[in-house]
Amino acid sequence: MSKGFERNERIQFSRQDCALDTLAVRAGQWRTDEGEHGDPIFTTSSFVFSSAREAAARFGGEEPGNIYSRFTNPTVRAFEQRIAAMEGGERAVATASGMAAILSLGLALLKCGDHVVCSRSVFGSTVSLFDKYFSRAGIQTSFVDPTDLSAWKTTIRPETRLLFLETPSNPLAELTDIAAVAEIAHVHNALLVVDNCFLTPALQRPLALGADVVMHSATKYLDGQGRCVGGVLVGRDKEMEEVFGFIRTGGSCMSPFNAWVFMKGLETLPLRMRAHSESALTLAHWLQQQPGIRKVYYSGLPDHPQHALACRQQQGFGGVLAFEVDGDRDAAWRFIDATEVVSITGNLGDVKTTITHPDTTTHGRMTAAEKAQAGIRDNLIRLSVGLESVKDLQDDLRRGLAAL
Ligand SMILES: *Cc1c(COP(=O)(O)O)cnc(C)c1O
């Protein structure tokens with residue numbers, strides 16, 4: 001080796017036949033010849049070459065290897081390989097945020113004149129991105145009721161390239177039959193993209209159900225402790241290579257430090273998702289019994305209109321639930337303000353339980369008509385159930401109920 005350095009030989013974990021819990025802690029893992037057991041963080045913007053000839057070969061694409069962290073970074077790659085293994089995809093591409101994932105996907109795969117069909121019950125910024133910004137580039141989007149398969153079918157046009165959905169939806173837990181919509185997409189040569197933020201691969205694996213691309217806001221459960229903003233796309237080599245090509249030019253890449261945090265998050269993801277689901281189910285049943293609660297929205301409840309679909313396509317029901325209280329906005333705000341343990345914040349997917357009033361926060365930008373159509377009422381409260389003791393959470397929600 002030149003320049004006084006020995007090249008590190010990487011030893012990589014390569015078994016693909018392991019269960020999800022094993023992939024969560026092992027996939028993507030590799031060691032340098034320092035023999036470290038923990039995963040290293042490569043905080044470097046660029047990489048050095050052993051010679052001018054090697055530099056030329058790397059830049060020219062004749063030899064593989066790192067050049068610059070906007071293109072590739074070993075820590076980011078380790079995170080990508082782990083989430084790809086967990087989602088069952090060929091390749092993952094990490095991005096600066098969940099929104100950067102959707103933006104990069106759209107700019108890599110769509111062009112002027114293309115059409116998108118999107119669930120109307122998706123994350124607010126996702127609606128704005130399609131409706132306001134992609135439309136400026138000549139990409140039109142139609143929004144449909146996510147539960148209505150015939151609407152998905154009849155809204156497709158010859159120029160439809162992409163179908164986009166989120167299931168269960170936020171905050172009302174409306175479900176979309178992923179396998180059925182995938183079939184509709186493929187008949188028309190379109191791709192189905194599923195935002196798997198709410199359930200994660202621990203509880204739902206859209207690629208196995210026929211989706212072409214899975215998208216995550218890693219900010220939520222993948223991190224799981226509310227520390228970093230990030231995103232990721234998982235799919236086939238073909239589409240992911242296109243997205244990677246856009247990201248290395250467009251610069252919507254993930255920082256190595258954040259990738260390391262998300263990798264730590266993935267290690268406990270299956271464990272956390274089981275615990276979040278168990279507590280949320282207990283609370284959903286309990287809330288249904290409480291005077292002052294009008295309605296509870298959670299796909300784990302047997303009286304949820306799509307409970308059978310939830311049992312079929314999900315391996316659990318997740319940590320997010322919503323409920324309507326007796327009264328109006330003031331009652332909902334009194335309930336929220338009376339709690340002492342849970343955090344009043346718009347984020348979700350944290351070990352800390354969070355509470356929010358969608359009508360005036362996460363969904364505040366929607367018009368009254370859009371809210372009415374989507375079923376966002378002023379007495380609705382969303383709870384992202386964390387890992388505190390269920391008894392303490394019940395005591396806290398009782399403070400809210402007493403304030404009604
Ligand atoms: C938060 C969120 C996003 C956006 O992700 P960011 O990391 O905040 O950019 C997209 N989809 C869903 C379902 C989300 O909850």
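Here is a short chat about two sheets and a ligand site in this predicted model.

Reader: How do you know that S3 and S9 pair?

Author: Two strands pair if there are at least two bridges between them. S3 and strand S9 (residues 231–235) have five bridges, in the antiparallel sense, so they pass that cut-off. Within this match, Val93 stands opposite Leu233 in S9.

Reader: What makes S3 and S5 edge strands?

Author: Strand S3 (91–95) and strand S5 (140–144) each pair on one side only. You can see that in the order of the open sheet, S3-S9-S8-S7-S6-S4-S5, which has seven strands and mixed pairing. On average, neighbouring strands here are turned by 20° against each other, direction ignored.

Reader: Which helices lie across this sheet's strands?

Author: Helix H3 (residues 74–87) is one of them: it lies across S3, strand S8 (213–217) and S9, at about 130° to S3. Helix H5 (residues 124–136) lies across strand S4 (115–119), S5 and strand S6 (160–166), and runs at about 150° to S5.

Reader: Why is the Asp195 pair with the ligand called a polar contact?

Author: The label asks for a pair of N or O atoms within 3.5 Å. A polar side-chain atom of Asp195 lies 2.6 Å from a nitrogen atom of the ligand, so the pair fits the cut-off of 3.5 Å. Thr219 has a polar side-chain atom 2.6 Å from an oxygen atom of the ligand. For Lys220, an N or O atom in the side chain is 2.6 Å from an oxygen atom of the ligand. As for cover, the protein takes up 91% of the 380 Å² of accessible area that the ligand has on its own.

Reader: What kinds of residues make up the shell around the ligand?

Author: The shell divides into four nonpolar, five polar and three charged residues. Among the residues around the ligand are Met99, Phe123, Glu166 and Ser217.

Reader: How do you know that S13 and S14 pair?

Author: Same test: at least two bridges are needed. Three bridges join strand S13 (residues 354–356) to strand S14 (residues 380–384), running antiparallel, so these two count as paired. Ile355 stands opposite Leu383 in S14.

Reader: What is the strand order in the open sheet of five strands?

Author: The order is S10-S11-S14-S13-S12, with mixed pairing. Its edge strands are strand S10 (293–297) and strand S12 (343–344), each pairing on one side only. Helix H11 (residues 269–289) lies across S10, strand S11 (320–325) and S14, at about 10° to S11. Helix H13 (residues 329–338) runs at about 125° to S11 and lies across S11, S12, S13 and S14.

Key:
Residues numbered from 1 in each chain as written. Predicted model: local features only at pLDDT ≥ 70, side-chain atom pairs only at ≥ 80, totals over all residues. Heavy atoms only, no water. Helix = DSSP H or I, 4+ residues; strand = E, 2+ residues; numbered from the N terminus. Axes fitted to C-alpha atoms, helices over the stretch in contact; angles between N-to-C directions. Contact = heavy atoms within 4.5 Å. Near = heavy atom within 4 Å. Polar contact = N/O pair within 3.5 Å; in protein donor to acceptor, adjacent residues only side chain to side chain. Areas by Shrake-Rupley, 256 points an atom, 1.4 Å probe, with all protein chains shown as cover. Nonpolar A, V, L, I, M, F, W, Y, C, P; charged D, E, K, R; others polar.
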